Amino acid sequence: MFGKIQREKESKKLKKALTDFRLPLLKIKYLSKRLDYPGFTKMFENALEILDSDLNDQDKAKQVIAKTQIFGGMGSWGDSPPYTAQTLGIRSEFDEITNQFSNARDNLKTK
């Protein structure tokens, strides 16, 4: 009985984390489009399609995390996009949206 209650509680937390991830994902998708980074835009669109799919929440979380690995390595979100945001005068917006996305993604990883 306790195991079932615990699983249900964890399932609700995962569902909430997936729901909470949608808005930061949408924001960063539109930001990448605005900055003219179609590769990142497509990556974020693919992640949104996963969220809207018929997969179970566990599989959605795993796939979305894998599809949104944008930090670290060459060609990462931290390379050229911040410079582009700076030249467009939207660096603070870039930093805010990136932090929201990163925090929501990290929250999803812990569920």
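This report walks through the overall build of the chain, its ring cluster, one helix pair and a few buried residues.

**The big picture**

First off, keep in mind that this is a predicted model. The protein chain has five helices and zero strands, so the order of elements from the N terminus reads simply α-α-α-α-α. Lay the chain along its principal axes and its C-alpha atoms fill a box of roughly 60 × 25 × 25 Å. Of the 111 residues in the chain, 37% are buried. Take the contacts between residues at least 6 apart in sequence: 70% of them join residues at least 24 apart.

**The aromatic rings**

There are eight aromatic pairs in the structure. One of them brings together Trp-77 and Phe-94, which are stacked, with 5.3 Å from centre to centre and 20 degrees between the planes. Why does this pair tie together separate parts of the chain? Trp-77 sits in the loop between helix 3 (57–67) and helix 4 (80–87), while Phe-94 belongs to helix 5 (residues 91–109), so the pair links parts that are 17 residues apart in sequence.

The two rings also belong to a wider group: ring pairs join Phe-21, Tyr-37, Phe-40, Phe-44, Phe-71, Trp-77, Phe-94 and Phe-101 into a cluster. Two of these names, Phe-40 and Phe-44, come back below among the buried residues of helix 2.

**Buried residues around Trp-77**

Are Trp-77 and Phe-94 buried or exposed? Trp-77 has a relative accessibility of 1%, so it counts as buried, and Phe-94, at 3%, counts as buried too. Here they are with two other buried residues, Pro-82 and Thr-98, that touch Trp-77:

| Residue | Where it lies | Relative accessibility |
|---|---|---|
| Trp-77 | loop between helix 3 and helix 4 | 1% |
| Phe-94 | helix 5 | 3% |
| Pro-82 | helix 4 | 9% |
| Thr-98 | helix 5 | 10% |

What does Pro-82 touch, leaving out residues up to four places away in sequence? Its partners are Trp-77, Arg-91 and Phe-94. Pro-82 therefore touches both members of the stacked pair. Lys-29 makes a handy comparison point: it is 53 residues from Pro-82 in sequence, and the two C-alpha atoms are 15 Å apart in space.

Thr-98 in helix 5 has its own set of contacts. With neighbours within four places in sequence set aside, Thr-98 is in contact with Ile-28, Phe-71 and Trp-77. Phe-71 and Trp-77 are both members of the ring cluster.

**Helix 2 and its partner**

Helix 2 (residues 38–51) packs with helix 3 at an angle of about 180 degrees, and their axes are 9 Å apart. An angle over 145 degrees counts as roughly antiparallel, so that is how helix 2 and helix 3 run relative to each other. On the helix 2 side the contact is made by Met-43, Ala-47, Ile-50 and Leu-51, which meet Lys-60, Gln-63, Val-64 and Lys-67 in helix 3. Sorted by class, this contact has five nonpolar, one polar and two charged residues.

As for helix 2 itself, its 14 residues reach 20 Å from the first C-alpha to the last, close to the 20 Å expected at 1.5 Å a residue. Which of its residues are buried? They are Phe-40, Thr-41, Phe-44, Ala-47, Leu-48, Ile-50 and Leu-51. Among them, Ala-47, Ile-50 and Leu-51 also take part in the contact with helix 3.

How values were computed:
Residues are numbered from 1 along each chain as its sequence is written. This is a predicted model: local features need pLDDT of at least 70, side-chain atom pairs count only at pLDDT 80 or more; totals for chains, interfaces and linings use all residues. Side-chain values use heavy atoms; hydrogens and water are left out. Rings of Phe, Tyr and Trp (its six-membered ring) pair if their centres lie within 6.5 Å; planes under 30 degrees apart count as stacked, over 60 as edge-to-face and the rest as tilted. Helices (H or I, at least four residues) and strands (E, at least two) are DSSP runs, numbered from the N terminus. Buried means under 20% relative accessible area, exposed over 50%, partly exposed in between (1.4 Å probe, protein chains only). Axes are lines fitted to C-alpha atoms, for helices over the stretch in contact, and angles run from 0 to 180 degrees between N-to-C directions. Angles under 35 degrees count as roughly parallel, over 145 as roughly antiparallel, 65 to 115 as roughly perpendicular and the rest as oblique. Contact means heavy atoms within 4.5 Å. Ala, Val, Leu, Ile, Met, Phe, Trp, Tyr, Cys and Pro count as nonpolar, Asp, Glu, Lys and Arg as charged, and the others, Gly among them, as polar. The expected span of a helix is 1.5 Å times one less than its number of residues.
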